[in-house]
Each structure stands twice: as C-alpha cells, then as structure tokens.
Amino acid sequence: MEAKKLFVVVGTDARQAAAGRVLERAGYAVGGAEQVALADYILLPLPLDAARTPLAELLRAAKPGAVALGGRLSVQAKTIAQEAGVELVDYFARPELTVYNAIPTAEGCIGILLAERTRTLWGTNLLLLGFGPVGQALGARLAALGANVTVCARRAEQRALAESLGLRGAELARLAALAPAFDTVVNTIPAPVLTEPVLAALRPGSLIVDLASKPGGTDFAAAQRLGCKAIHALSLPAACAPDTAGEAVARTVLTILREREEHT
C-alpha cells in the first residue's frame, strides 16, 4: 500500500485547522510544523507574513522537491523560498478563492451593518462602491434583504451586471453628486474614492464600511472630522467564518495540486 503524502499545515488558527481537516479527508497525512523535514507539501498561512511565520527556518528544513503553498506572497517570502530551494505557490492568486472568500466577506459586512444601524436593511437606500466578486456577493444579499442598492462602478460592464441583477447602476464619476441621498455606504474599491468632498456630501452621521485592503478607499481622518462612522473591516473571512475560509483555501490548494498532476 502506497504511503500517504504528508501535508504540513503551518499555523494554529481556526482557518488553518479547518484546511487541515479537508486535506486529511482528501487522503493526505496531515501534520504540524515540527514535521516539515518530512513534508511533501507545506500549507502556509494567509497572508504569508515572514515577520510572524519563521519562514526561512521552515523552508530551509524542508526536503528537496517539497512544494509550499501560501497566500498573498511578499517579495521577501519569494526570495526566502528561492534561497531555500523550495517551490512557493500563491493560492490567493487563484480567482476561485477570491469568489469563495467573497461569501463570508459579504455575510460579515451584513453583520456589521445590522450591528451598527438602528434601522432594518429592508427599505434602506445603500450605496455600494465597486462590483467585483465582493460587491457582487454583497449586492445580491443586500437586495434579498430588501435594501435599495445603488452600485457605483467605473466600468460599464459592472454597472450593466448590477442592473441585470435588479440593482441600480451609477457611474463612479458621479459619486459626489449621488452622495447626498445616502447615509450608508460600503466600499470595495482599493483606491481613494471616499475623499473629503464626497464624505462631506453624505448625510450627517453616515455609516461607512470599507472592505478594501489597506489602506482602504476612505479618508478615515476626514470621516472622523465630519462626524461619519467609518469602519475598516479587514480579513472578514478569517474573523467571521474561519471554518468556511479554511475549507475554501484547502479546496483551492487541492485544485492546484490536481492541475499540476495533470500536466506532469
């Protein structure tokens, strides 16, 4: 009987634990970082932060031919892997993981909106900036809860997609003109879109939930000066649904490995 290949899972948070369970069900032996010298595959955390993960020490201990898989790989991480002679694959670059992660991100955002507001989402006029995977997942769920969602997007096809789903579409260039009609905004665009003039045009005491990666798309200092409550909600999949997020990582990794086998 052929021995199971060993997948070492680095990190002890709930997301990594969930990923390990999926890999085990898929037929791999799963161990911790102490077994890295025996590992065929190494699952590294997301994001891969060399300051928190002793990456150089780990990868130097790996056996020849081992493959490491991590998320949001920095230049430093890639250099460390190259020096250690270990192949390093970025699973976060896979579009399917972006789609999977959009689901808990949308649910986590809805949780924040419900906790921070004193009115139902039903009947609320809500401004959603951007209509990529997160915007799409969120817009559909908000509309299902009865919110009146206006999607502000730069690209015409994104606005058309929003309208095809029963949402309103608006040009991002019109954001400042649209702002006075809203007191609740969700941003998914990783660029400075909620500038001081736009924030000043929103209704007094507006709530902003910014889902964009650092530094976000909101002028947070201006929001505070203007009396808006702006929340930068990062890493919602890990914070709100670590089991689901970890399972999504594992499924993505298994797809990567299956595709590698098919091309060898």
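These questions and answers cover the cores and some strands of a predicted model.

In this predicted model, local features need pLDDT of at least 70 and side-chain atom pairs count only at pLDDT 80 or more, while totals for chains, interfaces and linings use all residues. Residues are numbered from 1 along each chain as its sequence is written, and side-chain values use heavy atoms, leaving out hydrogens and water.

Student: Which helix or strand gives the largest share of the largest nonpolar core?
Tutor: A nonpolar core is a set of buried Ala, Val, Leu, Ile, Met, Phe, Trp, Tyr and Cys residues joined through side-chain atoms within 4.5 Å; buried means under 20% relative accessible area (1.4 Å probe, protein chains only). Helices (H or I, at least four residues) and strands (E, at least two) are DSSP runs, numbered from the N terminus. This core has 26 residues, and the elements giving two or more of them include helix H4 (95–116) and strand E10 (207–210). The largest share, six residues, comes from H4.

Student: Are the residues on the two faces of E10 buried or exposed?
Tutor: Leu207 and Val209 lie on one side of E10. Ile208 and Asp210 lie on the other. Both faces are covered, and these four residues are all buried.

Student: Which residue of E11 stands opposite Asp210?
Tutor: Two strands pair if DSSP finds at least two bridges between them. E10 and strand E11 (residues 229–232) pair in the parallel sense over four bridges. Within this pair, the residue opposite Asp210 is His232.

Student: Through which helix does the chain cross from E10 to E11?
Tutor: The β-α-β crossover is right-handed: with the strands pointing away from the viewer, the path from the first strand over the helix to the second runs clockwise. The helix, residues 220–225, is H9.

Note on methods. Buried < 20%, exposed > 50% of the residue type's maximum accessible area, 1.4 Å probe, protein only.
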